[in-house]
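Here are a few short exercises to work through with the model open beside you. Try each task before reading its solution.

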Amino acid sequence: MDKPVDHPVETPPDGPVEKATDRVEFETMLLSRHSHLHAPRARVGGGGLDRSAYVLLTRIRMHGPMSIGQLTDAFGLDTSTLNRQTAAMLRAGVVERIPDPDGGIARKFRITEEGERRLAADRSYNIGGLQRIMEHWSPEDVTRFADFLERFNRDIERLEGRPWPRS
């Protein structure tokens, strides 16, 4: 018996929504390709965080100290992947392991001063790159684009059951 497919591949009809969805797929593929234009690893002289550290540090910064179990729940990644990523972050000095401030058994990862500094530098670099890319956009267009990206991400988070904290 065949295993069920989580996301069946179907040939979409040729309606306007389907054609627009085809464009979204193509443009998101290109967007991932162009991340080098503002990604910290592209900085002259290096020193930027890798993508996984950037995302994990951002989440820890927003949520506060987190255990491997909490990170697993938040990202839907397996424990071995997170152990590798957090071990690299510990070696880089951007996180430290601490006892659970709430008295739990599991130790938690907390962002260090170095982690805060590097995250702020990378975020500043990313924002500068995005500002260069959108320098000819009106403020209203930038706001609309941000609103659509947030809506897109929130719908992904809803489907995955993993909402991302927002300020």
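A pocket here is an open set of grid points with protein on both sides within 12 Å along at least five of seven lines, and its volume is the space filled by probe spheres set on the points. Keep in mind that this is a predicted model.

**Exercise 1.** Find what lines the second largest pocket, and sort the lining by class.

*Solution.* Start with the space itself: the second largest pocket holds about 210 Å³. Next, pick out its lining, which consists of Ala20, Arg23, Val24, Glu27, Thr28, Leu30, Leu31 and His34. Finally, sort these residues: 4 are nonpolar, 2 polar and 2 charged.

**Exercise 2.** Work out which elements build the largest nonpolar core.

*Solution.* First, lay out the chain: it has 6 helices and 2 strands, in the order α-α-α-α-β-β-α-α. Then turn to the core, a group of 17 residues in which Leu49, Leu57, Ile60, Leu71 and Met89 have the most contacts. Two or more core residues come from each of helix H2 (51-63), helix H3 (68-75), helix H4 (79-92) and strand E2 (108-111). H2 is the top contributor, with 5 residues. To finish, zoom in on Met89: beyond four places in sequence, its contacts are Ala53, Leu56, Leu57, Val94 and Val95.

**Exercise 3.** Decide how far to trust the model, and where pLDDT stays under 50.

*Solution.* Begin with the whole chain: the average pLDDT is 86, and 82% of the residues score at least 70. Now look at residues 1-5, where pLDDT stays under 50 and the model has 0 contacts beyond four places in sequence.

Conventions. Residues numbered from 1 in each chain as written. Predicted model: local features only at pLDDT ≥ 70, side-chain atom pairs only at ≥ 80, totals over all residues. Heavy atoms only, no water. 1 Å grid on protein atoms, 1.4 Å probe; cavity = no way out; pocket = protein on both sides within 12 Å on 5 of 7 lines; lining within 4 Å. Nonpolar A, V, L, I, M, F, W, Y, C, P; charged D, E, K, R; others polar. Core = buried A, V, L, I, M, F, W, Y, C linked by side-chain atoms within 4.5 Å. Buried < 20%, exposed > 50% of the residue type's maximum accessible area, 1.4 Å probe, protein only. Helix = DSSP H or I, 4+ residues; strand = E, 2+ residues; numbered from the N terminus. Contact = heavy atoms within 4.5 Å. pLDDT = per-residue confidence, 0-100.
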